[in-house]
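Student: I have a model open in front of me. Can you show me how to read helix packing and cavities in it?

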Amino acid sequence: MSHNNNSKNEEIRPQGVGSRRMAFGRGTSGEKPKDFKKALGTLLRYLKPDTFGLILVIFLSVVTAVGTAIVPYFILILGNIIESAIANGNPIPIDQIITNALIAAGVIVAVVIFRYLRSFVMATITHRTLKRLRGDINTKINRLPLKYFDKQSYGDVLSRITNDVDTIGQSFNQSVTTVISSFVLMIGLIVMMFISHWQMAFVSIAVIPVSFLTIIILVKFSQKYFKRMFKSLGQMNGHIEEIYSGHEVVLAYGAQKEAANKFEEHNEELFKTSFRGNFFSGLMFPVMNFVANLALVAVSLFGALMFINSGDYYMFGIIVGFMLYVRLFTNTLPELAQVATSIQTAAAASERVFEFLGEEELISEEGKDIISLSDFKGEVEFKNVSFGYEEGNKVINNFSVKVEPGQKIAIVGPTGAGKTTIVNLLMRFYEINEGDILIDGVSIKDMTRAQVASLFAMVLQDTWIFDGTFKDNIIYAKEGVTDEDVRAAAQNAGIDHFIKSQPLGYDMLLDENTSISAGQKQLVTIARAIIENAPMLILDEATSAVDTRTEVLIQEAMDKISKGRTSFIIAHRLSTIKNTDIILVMNGGDIVEQGSHRQLMELGGRYAELYKSQFERV
């Protein structure tokens with residue numbers, strides 16, 4: 001009846017320090033996503049509610065780009081007016097100069113205003129999209145089965161909600177406006193250059209092949225090192241989180257030097273990759289400035305030659321205008337290169353986020369009729385239940401037992417025997433592979449998960465205290481609880497005296513900086529279960545974190561609140577279950593013994609061995 005490899009699967013799931021260590025810095029760790037186009041397509045669908053806003057952003061981007069492109073043309077006109085007057089020996093027409101200067105100034109002011117409006121609208125769209133994304137992720141978390149979190153570290157899920165979503169926002173906010181503006185500006189500048197002087201235009205755009213080749217080379221080198229940098233950053237953050245979480249263990253085993261050496265390895269690799277990546281990336285603007293300066297020299301030389309050959313004074317204004325054209329044109333190329341990198345980053349983050357949103361959900365309960373249990377009795381029956389956390393590897397084998405209303409059932413056995421799994425199945429945290437569980441003759445499959453949960457109050461081995469007062473933590477999600485109810489629950493749990501001894505009593509705020517022992521946290525969770533006042537109780541190692549004296553007090557409280565309630569008690573301390581009605585001894589997912597404490601001791605089997613190992617050890 002024993003299955004040796006079952007113990008490897010039961011409760012040994014990725015929820016500890018070691019499993020969380022790689023979660024930090026994983027957001028967009030430089031890994032190429034599986035499908036950029038699909039991820040970006042899904043992201044664009046999230047923008048549908050803001051279609052009008054996007055159209056407005058595109059319009060404003062086009063207007064600002066066109067405005068920026070025509071400003072040099074007005075300067076060219078001013079030069080032509082002055083040079084024409086000088087060439088013809090006429091007075092300089094101040095009124096025309098002022099008029100054109102005012103028009104140019106008006107265009108510049110309009111461009112600034114439209115850029116501000118564009119930024120405002122785009123920021124609004126971006127944050128609305130991120131809000132929808134985060135809302136969908138939060139909803140998704142509540143729909144995911146626990147088996148997903150067994151295989152995925154909590155830190156990685158948090159990274160998707162925070163790092164990846166923020167990366168999407170930052171990249172998208174910058175990329176959309178830059179792509180539109182830069183592309184329209186480049187087209188507009190080329191058109192204006194050909195309108196102004198087609199020969200000079202050909203000379204100016206001759207820098208395009210050189211510019212693109214330079215950008216491609218630099219981006220290729222920088223991206224290679226940036227990918228390594230993100231990987232190194234993730235490894236270093238994971239190491240720091242691991243060492244921080246297990247700092248006491250590091251100190252206890254004298255592993256400070258080894259931990260420091262490991263950190264230095266990660267830090268050195270991060271330094272090398274980040275330095276090289278930023279070096280090549282930083283070369284982009286200096287190199288582009290050099291290329292732009294070459295273009296300026298070419299424009300000046302060509303313009304000077306044309307003036308010498310033609311003697312046309314208009315060439316001076318054309319040269320000045322084309323200098324501005326070339327400068328604006330070459331400035332857009334590095335921006336487009338940065339956008340390409342930003343889009344890749346956004347796609348990588350999007351792929352991770354939408355991969356999470358696409359995970360298999362719990363079976364939908366929409367439209368399911370809520371079974372009425374108004375005359376609740378508390379009868380629970382497991383009928384031939386089989387279950388495994390992984391396919392083909394069962395940890396519960398054909399489990400059957402019937403619990404009468406009001407009975408206290410203890411489940412004992414070695415680590416990995418399947419004790420906590422039974423409770424997880426009873427609460428519908430996991431779906432049963434085979435068999436069924438009935439409550440008052442009704443299958444839990446026919447009840448909603450919320451209804452199943454409402455029938456139980458739980459005290460788990462791992463305590464959970466959130467940021468809030470003692471009172472908030474005891475009440476939690478229960479409504480209509482008075483201060484007297486809170487104090488009564490705390491008294492029954494044996495935590496009332498400790499709370500009153502604190503400076504603010506029940507109004508004292510509990511957070512990560514509050515000094516409260518693991519045992520005291522457990523007492524708070526027990527008081528929370530008392531407040532819940534559910535018809536059935538589940539106590540999973542509820543007294544594991546308290547001392548012997550406190551254990552006696554808690555046991556007395558549990559005896560009081562369990563009267564008339566069907567109770568399931570998982571315990572390693574066998575002294576806490578001597579008074580239970582039935583003790584189920586599990587091993588390898590099977591019930592190997594069952595009966596009262598006295599019956600099992602007289603049997604002299606596995607339970608008797610466990611009990612003697614605790615209380616008759618010499």
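Tutor: We will take two helix pairs, then a cavity. Keep in mind that this is a predicted model.

Student: How are two packed helices described?

Tutor: Two packed helices are described by the angle between their axes and by the distance between those axes. Take helix H16, residues 483–493, and helix H18, residues 518–532. They pack at an angle of about 125°, and their axes are 8 Å apart.

Student: What does that angle make H16 relative to H18?

Tutor: Oblique, because an angle counts as roughly antiparallel only over 145 degrees, and as roughly perpendicular from 65 to 115. That makes H16 oblique to H18. The crossing of H16 past H18 is right-handed.

Student: Which residues make the contact between H16 and H18?

Tutor: H16 brings Asp485, Val486, Ala489, Ala490, Asn492 and Ala493. H18 brings Leu523, Ile526, Ala527, Ile530 and Ile531. Sorted by class, this contact of H16 with H18 has 9 nonpolar, 1 polar and 1 charged residues.

Student: Now the second pair. At what angle do H7 and H11 cross?

Tutor: The axes of H7 and helix H11, residues 284–310, cross at roughly 155° and come within 9 Å. That makes H7 roughly antiparallel to H11. H7 passes H11 in a right-handed crossing.

Student: Which side chains should I display for the contact?

Tutor: From H7, display Gln199, Met200, Val203 and Ser204. From H11, display Ala298, Val299, Phe302 and Gly303. The residues of this contact of H7 with H11 divide into 5 nonpolar, 3 polar and no charged.

Student: Let's turn to cavities. How many of 30 Å³ or more does a search of the whole structure find?

Tutor: The search finds 2 cavities of 30 Å³ or more. Look at the second largest cavity, which holds about 30 Å³ of space.

Student: Which residues line the second largest cavity?

Tutor: Its lining is made of Met193, Ser204, Ile205, Val207, Tyr325, Val326, Phe329 and Thr330. Ser204 is also in the contact of H7 with H11.

Student: Which helices supply at least two residues of that lining?

Tutor: Helix H7 (198–205) and helix H12 (314–357) each do so. H12 gives the most to the lining, with 4 residues.

Student: And what is the lining like by class?

Tutor: The lining of the second largest cavity has 6 nonpolar, 2 polar and no charged residues. The contact of H7 with H11 likewise has no charged residues, whereas the contact of H16 with H18 has 1.

How values were computed: Residues are numbered from 1 along each chain as its sequence is written. This is a predicted model: local features need pLDDT of at least 70, side-chain atom pairs count only at pLDDT 80 or more; totals for chains, interfaces and linings use all residues. Side-chain values use heavy atoms; hydrogens and water are left out. Axes are lines fitted to C-alpha atoms, for helices over the stretch in contact, and angles run from 0 to 180 degrees between N-to-C directions. Angles under 35 degrees count as roughly parallel, over 145 as roughly antiparallel, 65 to 115 as roughly perpendicular and the rest as oblique. A crossing is left-handed if the near helix is turned anticlockwise from the far one by less than a right angle, and right-handed if clockwise. Contact means heavy atoms within 4.5 Å. Ala, Val, Leu, Ile, Met, Phe, Trp, Tyr, Cys and Pro count as nonpolar, Asp, Glu, Lys and Arg as charged, and the others, Gly among them, as polar. On a 1 Å grid over the protein atoms alone, a cavity is a set of points where a 1.4 Å probe fits but cannot get out, and a pocket is an open set with protein on both sides within 12 Å along at least five of seven lines; lining residues have an atom within 4 Å of a point. Grid points are joined across faces, edges and corners, and a volume is the space filled by probe spheres set on the points.
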